[in-house]
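Welcome! Please take a moment to look over the sequence and the structure below, and then we can walk through some of the details together.

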Amino acid sequence: MAKVQTKATGDRGKYRFSFGPWNISEGADPFGPQTRDPVAFASKLKVYRKLGFAGVQFHDDDAVPDLNRLSRQSVVAKATALGKVLKNEGLEPEFVAPRLWEDPRTIDGGYTSNSPALRQYAVDRSLLAIDIADALGCRNIVLWLAREGTYIRESKNARVAHEYLLSAINKMLNHHPYIRIMIEPKPNEPMDHAYVPTIGHAISLAYLSMDPNRVGGLIETAHAKLAGLDPSDEMAFALFHKKLWSVHLNDQNGLKFDEDKNFGAANLREAFNQVRVLEEGGYGSEGEMVGLDVKTFRTQKQTNNTAHLANSKRFFELMVRKVRTFDRKAEARFIKDRDYEGLERLVIEHLLGLK
Ligand code: XUL
Ligand code: MN
């Protein structure tokens, strides 16, 4: 226990990218089966370096498949072996997320289930995810609170549910001295209403926890948009609190299912503003990675089933150039003069590549 490094560093303005194995997907949706063949985990690992990615994001059972059927000791042994594979490939494990939404025991949510025994399962599984992270040599745990919410509002006591959530977070912090928890807020899907729908909710829980310095957030573009919020303002809020420890950049075309489109594909100006906020906030200087939670679309052929990752990374890098070449003096002049039409024109012409 407690093998993980406590302090990571990075170069300001030099971005490192990550994704998870689920981002190379087979195209199944709630209305139809897979449209592509599965890709073996070992083959997915080869994609990372080839496309210029440095970090691997894991669900606990991406790292150790079938973990419910294994002893803790053999889970840890398998995670340790995987850590060595990653090292040999020159890859860094960015985070481990307990997958609490597929097991029958989490049908009513894990941490906020009404059943004490099932809440205990959720906590035990999360502690195992922490052991996996430790064995991999990574200090970040992501909590996407998938089923912590309701379809039938009266089926849970929301106030008590937040007490359960806080208690689960404290148990995780207590389990390991260095592990950090990053809450990934999402307002809905699969739930009608999820608890902790925004980064503000997540950060307020962080401050109530037994070690606020070890609870922060991961912001996903699409999730912020599903909450009707501007992703760059959500990111700025977390940066202000020094609690933006990862991002899931992607895009979302309005209020519908979570689309996980390519970064910048739905709204270039919002993408520009996200990169601008990350640049200005020094994102990456403490080793934070630029995660791309983008998915292979159902209609994409087997060939090119990783092009969305390469493209999203490229769109991010092109947007970094746009941010760095934006005429800040002209911007300051327009703001000083309160010439907001002028400012708007400056932004749009810059995005369109005009002088
Ligand atoms: C769900 C989502 C997940 C998390 C990791 O919408 O974004 O992929 O990022 O479990
Ligand atoms: Mn995500």
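## A cluster of rings

Let's begin with the aromatic side chains. Tyr15, Phe17, Phe19, Tyr48, Phe53, Phe263 and Phe316 are joined into a cluster by ring pairs. Please keep in mind as you explore that this is a predicted model.

How many aromatic pairs does the count come to? The count is nine aromatic pairs. One of them is formed by Phe19 and Phe53, whose rings meet edge-to-face, with 4.9 Å from centre to centre and 85 degrees between the planes. This pair links distant parts of the chain, 34 residues apart: Phe19 belongs to strand 1 (residues 17-19), while Phe53 sits in the loop between helix 1 (41-50) and strand 2 (55-59). Phe19 has a relative accessible area of 0%, so it is buried. Phe53 counts as buried because its relative accessibility is 1%.

## A pair of tryptophans

Another pair to look for is Trp101 with Trp144, again edge-to-face, at 4.6 Å centre to centre and with 65 degrees between the planes. Trp101 is found in the loop between strand 3 (92-97) and helix 4 (116-136), and Trp144 in strand 4 (residues 140-144), so this pair ties together parts that lie 43 residues apart in sequence.

Are these two residues buried or partly exposed? Trp101 has 14% relative accessibility and therefore counts as buried. Trp144, at 21%, counts as partly exposed, because buried means under 20% relative accessible area.

## Two helices side by side

Now find helix 11 (residues 328-336) and helix 12 (residues 340-351), whose axes come within 8 Å and cross at roughly 160 degrees. Because of that angle, helix 11 is roughly antiparallel to helix 12. The crossing of helix 11 past helix 12 is left-handed.

Which residues meet here? From helix 11 come Ala330, Glu331, Phe334 and Ile335, and from helix 12 come Tyr340, Gly342, Leu343 and Leu346. Sorted by character, the residues of this contact are six nonpolar, one polar and one charged.

## A glycine in a loop

Finally, where is Gly228 placed? Gly228 lies in the loop between helix 7 (221-226) and helix 8 (231-240). Its relative accessibility is 60%, so Gly228 counts as exposed. If you would like a distance to check on the model, try the C-alpha atoms of Gly228 and Ala206: these residues are 22 residues apart along the chain, and their C-alpha atoms are separated by 23 Å.

Definitions and conventions: Residues numbered from 1 in each chain as written. Chains lettered and ligands numbered in written order. Predicted model: local features only at pLDDT ≥ 70, side-chain atom pairs only at ≥ 80, totals over all residues. Heavy atoms only, no water. Axes fitted to C-alpha atoms, helices over the stretch in contact; angles between N-to-C directions. Helix = DSSP H or I, 4+ residues; strand = E, 2+ residues; numbered from the N terminus. Parallel < 35°, antiparallel > 145°, perpendicular 65-115°, else oblique. Left-handed = near helix turned anticlockwise from the far one by under 90°. Contact = heavy atoms within 4.5 Å. Nonpolar A, V, L, I, M, F, W, Y, C, P; charged D, E, K, R; others polar. Phe/Tyr/Trp six-rings, centres within 6.5 Å; stacked < 30°, edge-to-face > 60°. Buried < 20%, exposed > 50% of the residue type's maximum accessible area, 1.4 Å probe, protein only.
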